[in-house]
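Work through the exercises below with the model open. Try each task before reading its solution.

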Amino acid sequence: MSTAELATSYAALILADDGVEITADKIQTLIKAAKIEDVEPIWASLFAKALEGKDVKDLLSNVGSGGAAAAPAAAGAAAAGGAAEEAKAEEKVEEKEESDEDMGFGLFD
């Protein structure tokens with residue numbers, strides 16, 4: 001990762017930790033306050049757009065939980081009660097569909 005990317009991501013994390021909305025202007029202000037040079041404004045815009053409307057703290061706390069798709073599935077399962085078993089069954093079905101054996105060919109055939 002370049003210095004510009006690191007500076008921008010740290011600035012976004014600081015804003016998220018303080019509970020402040022993450023915008024390109026605020027990211028750029030933090031970078032300038034840290035006296036980090038050579039950070040183009042495009043980085044702040046990219047990070048602000050990527051994190052717009054997202055809870056960064058929630059994203060960080062769910063890093064090891066299997067991805068972004070697992071969080072909504074888990075939330076829906078908790079609300080529906082028995083839907084958790086259905087979600088697990090769907091995941092198993094998806095895993096089987098991705099197998100090379102089902103396609104009739106393999107890497108060494």
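Three exercises follow, on a helix, a residue and a pocket. This is a predicted model, where local features need pLDDT of at least 70, side-chain atom pairs count only at pLDDT 80 or more, and totals for chains, interfaces and linings use all residues. Residues are numbered from 1 along each chain as its sequence is written, and side-chain values use heavy atoms, with hydrogens and water left out.

**Exercise 1.** Compare the span of helix α1 with the expected value, then find what its buried residues pack against.

Solution.
- Helices are DSSP runs (H or I, at least four residues), numbered from the N terminus.
- Helix α1 covers residues 3-18, 16 residues in total.
- The expected span is 1.5 Å times one less than the number of residues.
- From first C-alpha to last, α1 reaches 23 Å, close to the expected 22 Å.
- Buried (under 20% relative accessible area, 1.4 Å probe, protein chains only) are A4, A7, T8, S9, A11, A12, L15 and A16.
- The buried residues of α1 pack against α2 (24-33), α3 (41-50) and α4 (56-61).
- Just after α1, G19 has a positive phi of about 75 degrees.

**Exercise 2.** Place F47 and list its contacts.

Solution.
- F47 sits in helix α3.
- Contact means heavy atoms within 4.5 Å.
- Leaving out residues up to four places away in sequence, F47 touches E5, T8, S9 and I27.
- F47 and E5 are 42 residues apart along the chain, yet their C-alpha atoms are separated by 9.0 Å.

**Exercise 3.** How many residues line the largest pocket, and which lie nearest its centre?

Solution.
- The lining has 13 residues.
- Nearest the centre are V20, E21, I22, L51 and G53.

Notes. 1 Å grid on protein atoms, 1.4 Å probe; cavity = no way out; pocket = protein on both sides within 12 Å on 5 of 7 lines; lining within 4 Å. Helix = DSSP H or I, 4+ residues; strand = E, 2+ residues; numbered from the N terminus. Buried < 20%, exposed > 50% of the residue type's maximum accessible area, 1.4 Å probe, protein only.
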